[in-house]
Every structure is written in structure tokens, then in C-alpha cells.
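Visitor: I'd like a close look at one part of this structure, with the reasoning spelled out as you go. Take your time and keep it informal.

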Amino acid sequence: MPYYLTWLSSLSIYCQRRVLAIFILGFSSGLPLMLVFGVLSFWLREAGVSRTDIGYFSWVALAYAIKWLWSPLADHLQIPFLHHKLGRRRSWLVLSQFLVVAAILCMANMDPQQDLALMAIFAVILAFASATQDINVDAFRIESAPEQLQAALAAAYLTGYRLAMILASAGTLWLAAVFSKDSNYDLSGWQFAYVVMALCMLPGIITTLLSKEPDSELKQHLSIEGNIFTRFLHWLKQAVLAPFIDFFSRYKWLALMMLALIACYRLTDIVMGVMANAFYVDMGYSKEEVASISKLYGVVMTLIGAGLGGVLINKLGTMRILFLGALLSALTNLLFAALSQIGYDITWLTLIISADNLSAGIATSAFIAYLSSLVNRAFTATQYAMFSSLMLLLPKFVGGFSGAWVEQVGYNQFFIITALLGAPALILIILLAKYGKQNHNTAI
């Protein structure tokens with residue numbers, strides 16, 4: 001078979017029904033993130049909130065980093081009525097999706113100039129509901145197909161996730177600009193945009209209701225005789241401790257190195273991302289300009305990056321592409337440093353947004369596939385939530401100080417520092433590839 005036909009055959013995997021469902025659920029997962037992280041900083045900066053406060057405000061997203069604390073509930077707690085009607089995964093998905101919609105609508109009724117604290121409360125609720133949705137989408141994805149389909153599912157999930165992030169950022173900015181009565185800052189435009197974003201959650205809800213409940217190796221319930229304290233200890237052991245014990249028993253000392261890689265892999269792009277939209281505002285770019293470039297070039301590069309990442313993983317292995325993604329993510333931050341010196345320039349902005357989305361697509365495809373390969377399906381939700389939480393904990397915490405850093409050293413040095421934060425991940429990938437060759441999950 002000709003080489004190009006082999007690649008076309010590889011791409012056909014994305015047409016399977018399970019892959020398409022994960023694409024839509026990935027979209028549902030990606031939509032809320034930018035509404036509490038990226039685009040919200042644009043709104044706050046336009047409303048006159050300081051960069052330092054915007055940086056601290058980003059700690060709202062720490063909910064994503066501590067979701068492992070309640071992830072065992074998704075594996076072992078049955079939601080009354082919904083569990084009987086929809087099953088374990090879909091019942092949790094529907095509940096979290098409706099909470100996401102409600103929280104977005106509440107934020108749409110806030111004014112950050114008058115109710116910043118109350119807006120923060122609703123943003124926290126949105127982050128917790130969104131993180132709960134992520135827990136169950138990840139578990140749904142891993143349980144929906146065998147291991148050989150996981151790379152394609154990861155790429156489909158990422159494509160949907162990234163497209164939703166672009167819609168939630170570029171789309172919200174565009175809507176806020178179009179429906180603003182003032183060319184600078186108008187609250188009504190932002191509020192209308194957030195209402196539209198709440199409605200964009202409907203495809204994910206419909207997909208959840210129409211999808212088949214995946215098979216799971218989880219026990220349907222934990223039944224044990226004894227008093228409440230005895231039952232609680234048993235639940236703690238089986239639902240909380242067992243997933244962690246299982247991971248360390250399977251990977252031994254390599255588990256520590258894996259956790260270190262997970263903790264720092266996204267450090268460079270998340271810390272930089274906290275200040276990206278504030279940077280656009282301070283550089284003089286309008287909502288329409290950022291939205292238009294993100295909508296056109298961001299969408300194209302996201303699709304290329306995610307699809308290319310999934311295919312490259314199948315061809316070359318996860319670790320090679322994991323290294324490539326980490327390297328590209330660090331290098332694109334240097335483009336932001338260059339733009340801070342060049343000043344207002346639409347061509348450079350287009351280049352940067354394109355490169356950022358392409359590298360993020362490749363990096364995240366590889367990272368999702370890597371995390372999925374580490375999961376034991378007996379503890380799907382808990383273990384994946386542990387990994388994805390750890391992935392965000394350090395970057396989100398460090399990112400909270402990003403506004404204060406910019407105030408002290410300026411944007412140029414800030415972006416260079418964030419690029420250097422990618423070095424530990426590159427070193428750890430090399431070490432894991434060297435010492436993990438006996439394990440098929442970590443070999444190059």
C-alpha cells in the first residue's frame with residue numbers, strides 16, 4: 001500500500017461514532033475553562049482590575065488542580081434517580097453539565113466593577129462544576145474504547161476541547177465587542193456573550209443523553225456490614241487509597257519521576273496564559289482583532305495540531321511526541337517576548353496565535369495519551385483525576401503570581417522566564433525514556 005494511503009487509513013479512525021462522541025464531550029469540557037481563566041482576564045482588565053488582582057483571580061482555576069479530592073465519588077457514589085436512568089458516568093456528566101450552565105448564567109449577571117467578590121464566588125462554583133465534568137468525561141473516554149483507540153480518542157477529545165476554548169475566548173470576545181454600545185468597555189456586551197456561552201453547553205448535554213453508558217470494571221457498590229465508622233474506613237481504603245497504592249505498586253520508583261513530569265509538563269504555557277489576554281489589552285489590541293485571529297488561525301492550527309499529534313503518536317510513540325510538544329510550547333513563549341519588544345503588530349500576533357495553538361495541540365494530544373496509558377481501569381476516574389489535577393496544581397499556583405511578576409520585570413522578561421520553565425519537563429522525559437524502556441507505557 002502506498003505510504004500516503006497508510007496515512008489516510010490512519011485518519012479514518014476519527015470517523016468512528018465513539019470518537020465523534022468524545023469530540024463533542026471534549027468541546028463541553030473545554031468551554032468553561034476559558035470563562036474562568038483566559039477570557040475572564042480580558043473582561044477584568046477592561047473593567048479596570050489590576051494585573052496583580054487578575055493574577056490572584058486565576059487561583060479560581062485551582063479547582064481543576066484539586067479535583068482528585070472528590071474524584072472517588074464519581075467512581076463509587078450513585079446519584080439518586082439519575083444513576084438508575086442513565087448509569088454511573090452519564091448521571092454524573094448530566095449533573096455537572098447543568099451546574100456549569102447555571103454558574104455561567106450567574107456570572108453573566110455580575111458586574112466586576114461592583115461585584116468582584118460575588119463574581120469570584122460564581123467563578124469558583126463554575127470551576128468546581130467544570131472540574132467535576134472533566135473527571136467524568138475522562139473516565140467516560142477511557143472506559144469507552146480499548147487501548148488501541150485511546151490515542152484517537154485523546155486527539156478527538158483535545159480537538160473538541162481546543163475548539164471550545166477558542167469559541168469561549170474568540171467567540172466571547174467577538175460577541176462582547178459586537179453587542180457593546182461603547183467601543184471601549186461596556187458591561188452589557190460581556191453579559192450577553194456569557195449567556196451565549198451557557199447555551200453552547202447544550203451539544204454536550206445532548207451527547208451525554210444519547211450516548212451509551214460505557215462498560216466499567218468498577219464494582220457497582222461497596223456493601224459491607226458494620227457501623228458507619230467501619231463502612232467509612234472501608235470506603236476510604238477501597239475508593240481513595242487503593243488507586244494510589246495501585247499506581248505505585250505498578251511503577252515502583254518510576255512513579256515518582258512520572259508524577260514529577262506530570263506536575264511540570266504544562267508549567268510553561270499555563271503560567272504564561274494567565275497574562276496573555278491582559279498582555280493583548282495592554283498592547284492595544286481590540287477584542288475584535290484578538291477574536292478574529294483566534295477564530296481563523298487558532299481553529300485551523302488547533303485542528304492541525306491535535307490531528308497531527310494523534311497520528312504522530314501512533315506512528316512514532318507517545319514519548320517522542322511528548323518531548324516535541326514540550327519543546328514547542330517553550331519556544332512559542334519566546335515569540336510573545338519578541339512581540340512585547342516589537343509592539344502592536346497584527347502579523348506577529350497572527351504568527352504567535354497560530355504557533356501557540358499548533359504546539360498546544362501536539363503537546364496536549366501526547367500528554368492526554370500518556371496520562372491515559374498510566375490509568376488502571378479499575379480506578380479510572382480517581383487515577384486520571386489524580387494525574388490531571390497534579391498537572392494543574394503547580395502551574396495554577398505559580399500562575400497566580402504572574403501579574404505581580406509582570407508589574408516587577410515587565411512582559412519581555414516574564415515571557416522569557418516562562419519559556420525556561422519548560423526545561424524540567426524536557427529533562428524528565430529524557431530520563432523516563434531511558435529508565436522506562438522495560439515498560440511499554442514509557443518507552444520511546
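Visitor: Let's zoom in on F81: does F81 count as buried or exposed? Once that's settled, walk me outward to the contacts elsewhere in the chain.

Guide: Sure, with one caveat up front: this is a predicted model. F81 counts as exposed, because its relative accessibility is 59% and the cut-off for exposed is over 50%. You'll find F81 in the loop between α5 (71-76) and α6 (82-86). Its backbone deserves a look too: phi of F81 is near 70°, a positive value in a residue other than glycine. As background, most residues other than glycine have a negative phi. K252 is another case, with a positive phi of about 55° although it isn't a glycine. K252 is likewise in a loop, the one between α12 and α13 (254-264), and with a relative accessible area of 54% K252 is exposed.

Now on to helix α7, which covers residues 88-108. Here's a quick sanity check on its geometry: at 1.5 Å a residue, its 21 residues should span 30 Å, and the end C-alpha atoms are 31 Å apart, which agrees. Of those 21 residues, 15 are buried, so α7 is largely enclosed by the rest of the structure.

One residue to pick out in α7 is R90. The side chains of R90 and E213 form a salt bridge, at 3.8 Å from N to O. Since R90 lies in helix α7 and E213 in the loop between α11 (202-210) and α12 (228-251), the pair ties together parts that are 123 residues apart in sequence. R90 counts as buried, at 11% relative accessibility. If you want the general idea, side chains of opposite charge can pair when their charged atoms come close.

The structure holds nine salt bridges, and another one joins K287 to E46, with the closest N and O atoms 2.9 Å apart. That pair links distant parts of the chain: K287 is in helix α15 (residues 287-316) and E46 is in helix α3, 241 residues apart. K287 is buried, with a relative accessible area of 5%.

For a local counterpart, try helix α8 (residues 116-143). R141 and D138 are three residues apart in it, so about one helical turn separates them. Their side chains meet in a salt bridge at 3.5 Å, N to O. Both ends are buried: R141 is at 0% relative accessibility, and D138 is at 3%. Salt bridges that share partners also join R45, R51, D282 and E407 into one network. Going back to R141, there's a ring contact as well: R141 lies over the face of Y157, 5.4 Å from the ring centre.

Speaking of rings, the structure holds 24 aromatic pairs. In one of them, the rings of W43 and W190 have their centres 5.5 Å apart and their planes at 0°, so the pair is stacked. This pair links distant parts of the chain too, with W43 in helix α3 (residues 38-46) and W190 in helix α10 (residues 187-199), 147 residues apart. Both W43 and W190 are buried. Elsewhere, ring pairs link F279, Y280, Y285, F336, Y344, W405, Y411, F414 and F415 into a cluster.

Back in α15, have a look at G309. G309 is buried, with a relative accessible area of 0%. G309 and I362 are 53 residues apart in sequence, yet their C-alpha atoms are 4.4 Å apart in space.

Let's finish on the outside, where the picture is nonpolar. L105, V195, L199, L202, I206, L209 and L210 form a nonpolar patch on the surface, with about 640 Å² of accessible area together. The elements that give two or more residues to the patch are α10 and α11, and α11 gives the most, with four residues. L210 lies in helix α11, and L210 counts as exposed at 64% relative accessibility. So that takes us from one exposed residue, F81, to another, L210.

Methods. Residues are numbered from 1 along each chain as its sequence is written. This is a predicted model: local features need pLDDT of at least 70, side-chain atom pairs count only at pLDDT 80 or more; totals for chains, interfaces and linings use all residues. Side-chain values use heavy atoms; hydrogens and water are left out. The expected span of a helix is 1.5 Å times one less than its number of residues. Buried means under 20% relative accessible area, exposed over 50%, partly exposed in between (1.4 Å probe, protein chains only). Rings of Phe, Tyr and Trp (its six-membered ring) pair if their centres lie within 6.5 Å; planes under 30 degrees apart count as stacked, over 60 as edge-to-face and the rest as tilted. A charge sits over a ring if NZ of Lys or CZ of Arg is within 6 Å of the ring centre and within 35 degrees of the ring normal. A salt bridge is a side-chain nitrogen of Lys or Arg within 4 Å of a carboxyl oxygen of Asp or Glu. Patches are made of residues with over 30% relative accessible area and no salt bridge: like charges are joined within 9 Å, nonpolar side chains (Val, Leu, Ile, Met, Phe, Trp, Tyr) within 5 Å. Accessible areas come from the Shrake-Rupley method with a 1.4 Å probe; for residues, only the protein chains shown count as cover.
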